[in-house]
Protein chains: 2
Amino acid sequence: MLGGGPHAQVIPLENIPKFANDNQLLPTVAQDAQTGEVLMLAYMNRAAWEETLATGEAVYFSRSRGRLWKKGESSGHVQKIREIYIDCDADTILLKVEQVGGAACHQGYASCFYRKRTADGWKIMSKPVFDPQQVYISKGAPGSV
Amino acid sequence: MLGGGPHAQVIPLENIPKFANDNQLLPTVAQDAQTGEVLMLAYMNRAAWEETLATGEAVYFSRSRGRLWKKGESSGHVQKIREIYIDCDADTILLKVEQVGGAACHQGYASCFYRKRTADGWKIMSKPVFDPQQVYISKGAPGSV
């Protein structure tokens, strides 16, 4: 069946993603649509998913805050949705985004994955794009996702 | 402090990732080291992490099977670890891998994220690299992660 018919199939929008209930959190990977860099991983419940679709910008569910969290609500560094993919089990979401401000990480780095494992230890591989103390100055540092 | 000293800091290997206990599962993103394509998301507990480091090939914890699962144990499509990154909260792992066989997905696609959301529905965007019925013929289809 390689190259055959099955991949021409289109699955109805309402069946995917598979939220078992309104509270289930699905891991969501945000990837830079231009560079392919993996920016961050966060979680969506059904409400976050629907808000993301409605606004065209990424909305997650913050586990630490226990509420919907529009990415960039404090920093202004919103993520404009360019493409949305779903995995084979329909329980992990992949967003290709335009990262406003050039940095997804609340620590000021372009990507939250700024540390690489080396023989000597975990090494910071990039320079911050912004200074978190300036960006979050009036609101305190944001919590973890 | 932009461009200053903090990013020269090296964090000891043993402190990261942050497993709260032996059973906690951390989401792990596998990305193709060459193309940057996001291949899949799976989970690691501490034992999976240690086995990955020891073997240089990705080992996950399969939630459906309730045991360690060496990626490619049935298909032969192992993931050779090229680089490992950790996110700002030290609770999400990013693997840059060489995907043996060219396909990470048990459905035969290069990436598990082979379906894209369009106005008309979820559309399969790529052709399978292999036929799952041939690869898994003697073992049955693998379960979800």
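**View 1. A90(B) sits in the loop between β6 and β7 of chain B.** Strands here are DSSP runs of E with at least two residues, and helices are runs of H or I with at least four residues, both numbered from the N terminus. A90(B) is not a glycine, yet its phi is positive, at about 60°. With 2% relative accessibility, this alanine counts as buried (buried is under 20% relative accessible area, exposed over 50%, partly exposed in between, with a 1.4 Å probe and protein chains only). In chain A, A90(A) lies in the loop between β6 (79-86) and β7 (93-99). A90(A) also has a positive phi of about 60°, and A90(A) is buried, with a relative accessible area of 3%.

A quick note for all the views: this is a predicted model, where local features need pLDDT of at least 70 and side-chain atom pairs count only at pLDDT 80 or more, while totals for chains, interfaces and linings use all residues. Residues are numbered from 1 along each chain as its sequence is written, chains are lettered from A and ligands numbered from 1 in the order in which they are written, and side-chain values use heavy atoms, with hydrogens and water left out.

**View 2. A cis peptide bond joins I16(A) and P17(A).** Omega is about 0° for this bond. Look for P17(A) in the loop between β1 (10-11) and β2 (26-32) of chain A. Over in chain B, the peptide bond from I16(B) to P17(B) is cis, with omega near 0°. P17(B) is in the loop between β1 and β2 of chain B.

**View 3. Both chains put strands into one open, mixed sheet.** Its 7 strands run in the order β1(B)-β9(A)-β8(A)-β6(B)-β7(B)-β2(B)-β3(B), with two strands counted as paired if DSSP finds at least two bridges between them. At the edges stand β1 (10-11) and β3 (38-44) of chain B; each has a single partner strand, so one side of each is left without a neighbour in the sheet. Helix α1 (residues 46-55) of chain B packs on this sheet. That helix touches β8 (115-118) and β9 (121-124) of chain A, plus β3, β6 (79-86) and β7 of chain B, where contact means heavy atoms within 4.5 Å. Its direction makes about 125° with that of β3(B); axes are lines fitted to C-alpha atoms, for helices over the stretch in contact, and angles run from 0 to 180 degrees between N-to-C directions.

**View 4. Strands β2 and β7 of chain B pair in the parallel sense.** Strand β2 covers residues 26-32 and β7 covers residues 93-99, and 5 bridges link them. One bridge to pick out puts Q31(B) opposite its partner K96(B) in β7(B).

**View 5. C112(A) and C88(B) do not form a disulfide.** A disulfide is a pair of cysteine sulfur atoms within 2.5 Å, and the count comes to 0 over all chains. For C112(A), the nearest cysteine sulfur is that of C88(B), 3.7 Å away, which is too far for a bond. C112(A) is buried, at 7% relative accessible area, and C88(B) is buried too, at 14%.

**View 6. A turn of 180° lays chain A on chain B.** The shift along the axis is 0.0 Å and the RMSD is 0.0 Å, with copies superposed by least squares on the C-alpha atoms of residues with pLDDT of at least 70 in both. That is the relation of a two-fold axis. The same surface serves both copies, as 100% of the contact residues of chain A recur in chain B. Of the chain A residues, G36(A) comes closest to the rotation axis, its C-alpha being at 2.8 Å.
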